[in-house]
Amino acid sequence: MIQCLFLLSDAGDVILEKQWMGKRVERSICSWFWRQRSEKEDQDPPSVIASPTHYLLHIVREGVTFLACTASEMPPLLGIEFLCKVASVLENYLGGLNEDILKDNFVIVYEILDEMMDSGFPSTTEPSVLKEIIAPPNLVSRVLSVVTGTSSSLNAASPLATSSQVSWRASNVKHSNNEIYFDLVEEMDAVFNRDGFVVKCEAYGEIQATSRLSGMPELSLTFANTDILHDVNFHPCVRYRAWEADQMLSFIPPDGAFKLMSYRVKGLKNPPLFVRPQLSSGEGICRVNVLVGLRGDPGKPVDAIIVQLPWPPSVVSTNLSASVGTVTYSFSTKVSTWIIGRIPKDKSPCLSGTLQLEPGINRLEEFPTFLVGFKIQGTAVSGLKVDKMDIRNVEYRPYKGFRAVTRAASYEIRT
Amino acid sequence: MNADSGHRKGEIAELKSQLRQLAGSRAPGVEEVKRELYKKVISYMTIGIDVSSLFSEMVMCSATSDLVVKKMCYLYVGNYAKVHPDLALLTINFLQRDCQDDDPMIRGLALRSLCSLRVMNFVEYLVGSLRKGLKDNNGYVRQVAAMGVLKLYHIAPTACIENDFVATLKSMLSQDPDAQVVANCLCALEEILVLERTNSDRANKDREMLHSKQIVFSLLNRIKDFSEWAQCLVLDMVSKYIPVDPNETFDIMNLLEDRLQHSNSAVVLATIKVFLQLTISMADVHQQVYERIKAPLLTLISSGSPELSYAVLSHLHLLVMRAPILFSSDYKHFYCRYSDPSYVKKLKIEMLTAVASESNMYEIVTELSEYAANVDVGITREAIRAVGKIALNLCDVNAIVDRLLQFLEMERDYVTAETLVLVKDLVRKYPEWSHDCIAVVGNVSSKSIQEPKAKAALIWMLGEYSHDMLDAPYVLESFVDNWLEEDSPEVRLELLTAAAKIFFKRPPESQKLLGAALAAAVDDPDQDVHDKGLFYYRLLQQGVQTAESIVNPPKKAVSDFADIQNSEMRDRIFDEFNSLSVIYREPSYMFLDKEHRKLYEFSDEAAPTDVLPTQKLDANDNDLLLGAFDKEESQSGVSNGDDGPLSAPRSPSPTLLGDSVPPVSASNIPAAFGIDDLLGLNISTPPPPPPSLVLSSKPVLDSGTFQKKWSQLPVALSFEHPISAQSLKTTQPLLRHMQEKSVQCMASGGQSPTFKFFFFAQKADGMPGTGFFLVECLVHTSAGKASVKVKSEDSTFTAAFSDLFKSALSSFII
């Protein structure tokens, strides 16, 4: 089981440590870990590695490394999921995550870590429940200002006396404005070969929800077309039987932000953008010509189009210009970045120019891969549509919001 | 620095006096001041400054109603109690008082702190508070108390057992209404009973009861009440349960099927483990399980954070390697993303290789060829090797051969090198393709190849297909001319063979070549090259035809190359699904949780500091240690019968000899040795003297290296030897005895009548870090014998070392 947790800054310094077992793990393990990282030219090592004395599990969030140590066998996903949970709870509590924020709030961080794990095994990790036990920082300061010295802080006694029937939600949630929002976020993975053919195209989606509803609301959400979903994962609040029987999401939501479900879309055929690269090299020069355009009509405008062109080490300098948008080149990373934004109606974006190769190298030996980014607001590329959402077991009528967005996750063009 | 620490000292002194003033004060606003001071102390503690000198002041101020101050105080006390056990006694009072507080939160926190102090003298206070805590009407307090029992067990196992806490936890397990309390009871019980089972039969029975049908199903039926983490715990327990009949298996799977849809990957993986374990002996269902778990795994690797998806991918990798056919239509999921780190790409390339079949081969090879143009050299190599492997595994190699030959045209040195090695294997398996391959290989410039393996491959092809390559004698000649510059014996050996082969086929052009090669070989400092040179020479003395029939007889195509991935190894890791070892792809390491090690602790006197501090190889869970090593031997025993390494001194195999044999001096060999002297010269080499072994008195080996070597080396020798150790009560006497014989102990454990030792020794004259002998020695005191397994880095001396070890055992008397 997890013995301890270290939070490391982006320079490898220990910001904070929490030991959960009697046997302490020395801080020197952190320097061992950091050496592994620097040996690999600051590439992050795998999330699970073995040091001479311990197994180390880690994740990196916003530049902060969450490093857990264990000396015994354990399910690795349990450890990593726990670290992810710690990171998200802290971020949620502190309104951000970086070295300074952590240092300003370490008392509360200790309190949280103390509740999230006992004897190396995760205990209370649900943010809404934690908030009843430990007041978020702003509340602490309010309490501080009215402290009289006679009464215990206001959050201590009540919640534990009345345990809730669902573990992810307190029984006494109250909001003055009742509202719930759903964000349908889909990410595309696609690979195109140098002839423009689709090698692979997939999409993954998530429904992120933010609930601010009083009482114990019973929600049900139905979709117009669930047949396109290949595999689904649910938040623990979702009743699986209802999904199996009626393809309906039936649940009592946790309070606050949560991931309601995630899914994989099968057989996606129409990636929204094409990119045609042409590279020809000889005599120490490589001529570049890249065209970008829409493939079919995604229904909503494609925004924030950006093409990254990482060049092989043999490229010394670039001389590229674009008909639409701007091109910049970073000498240190050897990456050209072409920011297009939205494709204008009357012009098709084209990038052209030359690359200077290292002396002695005639032609480009490696074939670079271009990476494309874009965003489509207002539509899910899979076509998944929410049909309706009902709410029961409460008196009020909440405000309901739905949004959809599609993003490129890993959209690669081979040359 | 000095000024800084002086400054800090001043600050701490000031904190001390401020805290003093506050103690006992009831002035308004005092809590607020306290909070700020405590915060300061805690912040010093956090950044690693020692504030333990404030202990008594901190305790004096602990009377507070402010929860946050209380928590800070608990935190501080927990951190320093072990350093100040005497002062920590001061905290007992206020912690015990807080355990009676009206607020359940404070009761819980205080109890948790009390249990975390881990000071031996406090055990009696702890027992009372725990007993109350387990009966508290508030769930939070009972949760803390259940875990507290586990903590108590770690501090004082006897106190925990004698106070019958195990029975209390057992009854709570089936009766407590709070799911988290039940989960904590389960967690504590599992751990205590595993550790306790070596000590008592009762613990064994308790453990059986814990895994009984009644308990398993009562937990399964309310699995949705548990938190996601507690579900993992329950699932882990279920995976150890053996159903009585298939119906029960199906019941469990039905109950758990929706867990595969859980958003927490830890729950999904734990469920998969249950499914795999339950159906392991039901072949058809097992296969359906694979089909069922595929989708959730593929979703997890694509959608989670990179850290999660790597861990899941490692598990998927295991399943794919075990049953590649079931994944052959999912190959696109294993395509590498540009941004994947190289360790992920490596896993994916291996999976692509495994799932390649006749239906998807073309796409997969096309994809792998893309990676061959990757900027990352490591990935390029992996990709090329993968293409080669697919070609060797599948019959339809038409398209693949073209692909490989295209690699040669890329004109990148390491691509060419990797490809040459593969082309060599390919023509050995598919001689019908040799013509096409050799045509292309002939165009490769021998100067662009630096890597020994590639050079050897090219030279092999030149020798084998010299009839198809016009300039083969001249290419080989230039290699022989540079004999002295060639560092790798592997290449020189290959060159000698190629020179002989070409001589049989095209004697007029290559007579000189062979003569030069033989002369160079006989002069070679490397024993193998030298021996092979002499061997060829003597063969040629018997006549050219005889020599040819031995050196280059007609060959049959190689039908199968040995699978590098040992399938037994894979199966073993498979038993450990959902464990860290899957990610390593090595069987579980034997790490030691040092806090449980008491039973097997070494005492320092055993290891005089001027010799070698006996490594404390973690031996806490003795069973784990025994189990893992035993398994390993059963595996390696298959491939290494007694006759192999045992007879090594008499018939040394080339790789085992290494540098232990002194180079044959050049004076043995006539200087003007050439083809003209082929007949009439009689060279005789004296037989090597039998090796004598002297052990280093101060070998240095750390436990990590020991484990690594242990897992890599085969068992060279195993034997039983009598030992008079009837009255051996601890491991110490034997440790000391062996140390006198220059045999050091790496780890030891066990209790009378069975002890287990890991020893090591090193050859005195060897290079640092080489020439180690590793020994596992099981001593059965009652039977008066020791079972010994020896692993050796230098097989020439295995027998000598074993004799030494035996005599050391014989001379041990207690």
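Which residues line the second largest cavity? Before I answer, let me say that this is a predicted model, in which local features need pLDDT of at least 70, side-chain atom pairs count only at pLDDT 80 or more, and totals for chains, interfaces and linings use all residues. Residues are numbered from 1 along each chain as its sequence is written, chains are lettered from A and ligands numbered from 1 in the order in which they are written, and side-chain values use heavy atoms, with hydrogens and water left out.

The lining is made up of E115(A), D118(A), S123(A) and T124(A) from chain A, together with R112(B), Y140(B), Q143(B), V144(B) and N184(B) from chain B. A cavity here is a set of points, on a 1 Å grid over the protein atoms alone, where a 1.4 Å probe fits but cannot get out, and lining residues have an atom within 4 Å of a point. Searching the whole structure gives five cavities of 30 Å³ or more, and the second largest holds about 60 Å³ of space, a volume being the space filled by probe spheres set on the grid points, which are joined across faces, edges and corners.

Helix α8 of chain B, residues 139-155, supplies three residues, the largest share of that lining; helices (H or I, at least four residues) and strands (E, at least two) are DSSP runs, numbered from the N terminus. By class, the lining has two nonpolar, four polar and three charged residues, where Ala, Val, Leu, Ile, Met, Phe, Trp, Tyr, Cys and Pro count as nonpolar, Asp, Glu, Lys and Arg as charged, and the others, Gly among them, as polar.

E115(A) leads us to helix α4 of chain A, residues 106-116, in which ten of the eleven residues are buried, buried meaning under 20% relative accessible area, exposed over 50%, and partly exposed in between (1.4 Å probe, protein chains only). E115(A) itself is among those buried residues, as are F106(A), Y110(A) and M116(A).

Shortly after that helix comes S119(A), in the loop between β6 (117-118) and β7 (121-122) of chain A, with a positive phi of about 55 degrees although S119(A) is not a glycine. Is S119(A) buried or exposed? S119(A) counts as buried, because its relative accessibility is 6%. E62(A), in the loop between β4 (55-61) and β5 (64-70) of chain A, also has a positive phi, near 50 degrees, but E62(A) is exposed, with a relative accessible area of 56%.

As for chain A overall, there are eight helices and 23 strands, and the C-alpha trace spans about 85 × 55 × 45 Å along its principal axes. Of its 415 residues, 56% count as buried. The UniProt record, an unreviewed entry, annotates residues 177-414 of chain A as "domain: MHD"; over that stretch the chain is 3% helix and 61% strand, with the end C-alpha atoms 50 Å apart.

Let me finish with two residues of chain B. S328(B), in the loop between α18 (306-322) and α19 (342-355), is buried at 18% relative accessible area, and, leaving aside residues up to four places away in sequence, S328(B) touches V355(B), S357(B) and N360(B), a contact meaning heavy atoms within 4.5 Å. A399(B), in helix α22 (residues 398-409), is partly exposed, with a relative accessible area of 29%, and its C-alpha atom is 9.4 Å from that of M361(B), although the two are 38 residues apart in sequence.

Conventions: On a 1 Å grid over the protein atoms alone, a cavity is a set of points where a 1.4 Å probe fits but cannot get out, and a pocket is an open set with protein on both sides within 12 Å along at least five of seven lines; lining residues have an atom within 4 Å of a point. UniProt positions are given in the numbering used here, feature names are shortened, and annotations may be inferred rather than shown by experiment.
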